Amino acid sequence: APSLHLNVRVSPLGDRQVLVLADDRTPLLRVDETRRDFVANVGHELKTPIGAVRLLAEAVESAADDPEAVRHFAARMQRESARLGELVTQIIDLSRLQADDPMLRAEFVQVGDILDDALARSRELATKRAVNLVRTGDEEFTVLGDRTQLTDALANLVTNAIVYSDEKARVAITTSLVDEDGDNFVEVSVADNGIGISDENQQRIFERFYRVDYGRSRDNGGTGLGLSIVKHIAAVHGGTVNVWSKLGQGSTFTIRLPLQPSTLESERLS
Ligand code: ADP
C-alpha cells in the first residue's frame, strides 16, 4: 500500500500555539525506491547469463575429448556472452537517457534516412523469418534529433514487430504528418499482425524488464529493456510513443516527434 513520508517539525509559538511544519518527502523516496528496484533487477538479470557462461565453461572442460560437444558448448557460450554484452549496453543507454543531461547529438535528419538505417538493422532477422517489411507514406519530413538514438528506437519497434509475429507475416511502417492544435508532428507507426498484447499488459510493457512471455523474449535475445529505451528516446526528443493492440490480432506502435521545418525551408529562413 502507498505510504506517506513526512518530515515533521513542531516549534512552540508563544503560550498556547505551536507551529507544525510537515515536509512531504514521499516523491523523493519514490525515486529512491525505483532506483533500488532497478539495481536489484539489473543484478538479477545479469546473474542469468553469467551463470549460464559458467556452467557452459564447466561443460567444455568435462567434454574436452569430444570436439563436437566442445564446439556446441562454445557456440552457446558465445551467444550468452553476446547477450550479456547487449544487456550491459542497454543498461548504460537507459541510465544515460534518464540522466538530467542525456547528451544528445542533435542534427536535422530526414525520417526516411533514419528508417533506412533502422530497417537495415532489422533486415537480416526479417529475411530469416520471411517477414515482409512494407514502407509507406511520405518520409521526407525533417526532425531535429540524435540520429543514432532515433535509429535505435525505430529498429527496436521493427525488431519487436518481427519477433512477436508468425513467420511470413507482414510489418507495415507508415510515416505521416499529424497536426495537433496547430503543432505539427511526424508520426511513424509500426504495425504487425502478430500475437498482440492484452489491455492489462499494454499498461506494463514500457516498464524496465517487463516481458509478457519471458521465454519468447529470451529466445530472441530480448532483454525487456527495449520499449523502456524507446519511451525515453521519444521523451528526450519532446515526443511520445503509444501502442494500440488486440490480443491475437496484432499491435501498432506509434512514435510521434515534433516536426522541424524542412531543410530547404530552414535554409531559406536563415
Ligand atoms: P523484449 O526485449 O522482451 O522484446 P521490450 O521492452 O522490447 O522487450 O518489450 C517488452 C515486451 O512487450 C516483450 O517482451 C513482449 O512481451 C511485448 N511486446 C513488445 N512488442 C510487441 C509486439 N509488437 N507484439 C506483441 N508483443 C510485444
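I took a salt bridge to be a side-chain nitrogen of Lys or Arg within 4 Å of a carboxyl oxygen of Asp or Glu, and with that cut-off I counted ten salt bridges in the structure, which is a predicted model.

I then looked up one of these pairs, Glu68 with Arg71, and found that their closest N and O atoms are 3.4 Å apart. Both residues belong to helix H2, which covers residues 67–98, and they are three residues apart in it, about one turn of the helix. I noted beside this that side chains of opposite charge can pair when their charged atoms come close.

Next I turned to the ligand and asked which residues come nearest to it. Of the 21 residues around the ligand, these are Asn160, Asp192, Ser217, Thr223 and Leu227. Sorting the shell by class, I got ten nonpolar, eight polar and three charged residues.

For polar contacts I listed the oxygen atoms of the ligand: one is 2.9 Å from an N or O atom in the side chain of Asn160, while backbone N or O atoms serve at Val212, with a distance of 3.1 Å to a ligand oxygen, and at Gly224, with 2.9 Å. I also checked how far the ligand is covered, and of the 530 Å² that it exposes when taken alone, the protein buries 96%.

Last, I looked at the site itself, and the space taken by the ligand is the largest pocket. The elements giving two or more residues to the shell are helix H4 (147–163), helix H7 (226–236) and strand S9 (250–258).

Conventions: Residues are numbered from 1 along each chain as its sequence is written. This is a predicted model: local features need pLDDT of at least 70, side-chain atom pairs count only at pLDDT 80 or more; totals for chains, interfaces and linings use all residues. Side-chain values use heavy atoms; hydrogens and water are left out. A residue is near a molecule or strand if one of its heavy atoms lies within 4 Å of it. A polar contact is a pair of N or O atoms within 3.5 Å; within protein, one must be able to donate a hydrogen and the other to accept it, and residues adjacent in sequence count only if both atoms are side-chain atoms. Accessible areas come from the Shrake-Rupley method with a 1.4 Å probe; for residues, only the protein chains shown count as cover. On a 1 Å grid over the protein atoms alone, a cavity is a set of points where a 1.4 Å probe fits but cannot get out, and a pocket is an open set with protein on both sides within 12 Å along at least five of seven lines; lining residues have an atom within 4 Å of a point. A molecule sits in a cavity or pocket if more than half of its atoms lie within 2 Å of its grid points. Helices (H or I, at least four residues) and strands (E, at least two) are DSSP runs, numbered from the N terminus. Ala, Val, Leu, Ile, Met, Phe, Trp, Tyr, Cys and Pro count as nonpolar, Asp, Glu, Lys and Arg as charged, and the others, Gly among them, as polar.
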